[in-house]
Amino acid sequence: MVEDCIFCKIIDKKIPARFEYEDSELVAIQDIHPQAPVHLLVIPRKHISDINAAQESDCKLLGGLIHRAKLLAQHKKVEDGYRLVLNNGSKAGQSVFHVHLHLLGGRPMTWPPG
Ligand code: AMP
Ligand code: ZN
């Protein structure tokens, strides 16, 4: 656990969140400011600040986020159209520096994103 990391605190159940899934490697919670009818965050328990900080040894863990997002998209019945977003760096919109994969679905989406 990293001090002052909001997602580490959520994973540690030190602050509340609406959990959709958890296992030994990752958790999935509802985003507090949802941008779509389905907006989940799939978060590894391991604190990795961003993709730049990820190691080759994290490949399985990071791939697991995508696999879990797929299963959650099916569970939420948005598997016919959903977006997985991983903001990396503040210029790209990252605001919480603990890697997380956004799962957005349940509405039409445009491209390119802003
Ligand atoms: P990003 O901007 O890609 O770093 O995404 C961070 C996301 O975390 C945003 O969509 C926020 O709405 C969300 N968020 C921040 N604090 C919380 C919280 N306490 N519980 C759930 N989601 C949060
Ligand atoms: Zn953290």
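In the predicted model, the protein exposes about 7,100 Å². Carbon and sulfur atoms supply 53% of that exposed area. Of the 114 residues, 35% count as buried. The C-alpha atoms fill a box of roughly 35 × 30 × 25 Å along the principal axes.

The secondary structure comprises 2 helices and 5 strands. Along the sequence these elements follow the order α-β-β-β-α-β-β. The radius of gyration is 14 Å, close to the 13 Å given by the globule rule for 114 residues, so the protein is as compact as a globular protein of that length. Contacts were also examined by sequence separation. Among contacts with a separation of 6 or more, 51% are made by residues 24 or more positions apart.

Strand pairing was examined next. Strands S1 and S2 run antiparallel and are joined by 3 bridges. Together S1 and S2 form a hairpin, with 3 residues between the two strands. Within this pair, phenylalanine 19 stands opposite isoleucine 29 of S2. Tyrosine 21 stands opposite alanine 28, also in S2. Strand S2 is joined to S3 as well, by 5 bridges, and these two strands again run antiparallel. Here leucine 26 has proline 44 of S3 as its bridge partner. S2 thus has bridges to S1 and to S3. Strand S2 covers residues 26-30, and 4 of its 5 residues are buried, so the strand is largely enclosed by the rest of the structure.

The model contains a zinc ion, ligand 2, with protein donors from four residues: Cys5, Cys8, His47 and His98. The two cysteines donate through SG and the two histidines through ND1. These donors lie 2.0 to 2.2 Å from the ion. Angles among the 4 donor atoms run from 103 to 115 degrees, and the site is tetrahedral. All of these angles fall between 85 and 135 degrees, the range required of four tetrahedral donors. In sequence, the donor residues are spaced C-x2-C-x38-H-x50-H.

Both donor cysteines, 5 and 8, are buried. Cysteine 8 is found in helix H1, which spans residues 6-11. The relative accessible area of cysteine 8 is 4%. That value is under the 20% cut-off, so cysteine 8 counts as buried. Neighbours within four places in sequence aside, cysteine 8 is in contact with Met1, Val2, His47 and His98. Two of these contacts, His47 and His98, are also donors of the zinc ion. Cysteine 8 was also compared in position with serine 24. The two residues are 16 residues apart in sequence, and their C-alpha atoms are 14 Å apart in space.

Aspartate 58 is placed in the loop between strand S3 (38-44) and helix H2 (59-75). Aspartate 58 is buried, with a relative accessible area of 3%. Beyond its neighbours within four places in sequence, aspartate 58 is in contact with Lys46 and Ile48.

Backbone geometry was then considered. Most residues other than glycine have a negative phi, and most peptide bonds are trans. Lysine 13 has a positive phi, near 60 degrees. Its place is in the loop between H1 and strand S1 (19-22). Lysine 77 likewise has a positive phi near 60 degrees. Lysine 77 is found in the loop between H2 and strand S4 (82-85). Lysine 77 is exposed, with a relative accessible area of 69%. This value is over the 50% cut-off, so lysine 77 counts as exposed. Aspartate 58, by contrast, is buried.

A cis peptide bond joins tryptophan 111 and proline 112. Its omega is about 5 degrees. Proline 112 is placed in the segment after strand S5 (101-105).

Methods: Residues are numbered from 1 along each chain as its sequence is written. Chains are lettered from A and ligands numbered from 1 in the order in which they are written. This is a predicted model: local features need pLDDT of at least 70, side-chain atom pairs count only at pLDDT 80 or more; totals for chains, interfaces and linings use all residues. Side-chain values use heavy atoms; hydrogens and water are left out. Donors are N, O and S atoms within 2.8 Å of the metal (3.2 Å for Na, K and Ca); water is not among the atoms, so sites may look incomplete. Four donors count as tetrahedral if all angles lie between 85 and 135 degrees; four count as square planar and six as octahedral if opposite donors are over 155 degrees apart and all others between 65 and 115; anything else is irregular. Buried means under 20% relative accessible area, exposed over 50%, partly exposed in between (1.4 Å probe, protein chains only). Helices (H or I, at least four residues) and strands (E, at least two) are DSSP runs, numbered from the N terminus. The radius of gyration is taken over C-alpha atoms; the globule rule is 2.2 Å times the number of residues to the power 0.38. Contact means heavy atoms within 4.5 Å. Accessible areas come from the Shrake-Rupley method with a 1.4 Å probe; for residues, only the protein chains shown count as cover. Two strands pair if DSSP finds at least two bridges between them.
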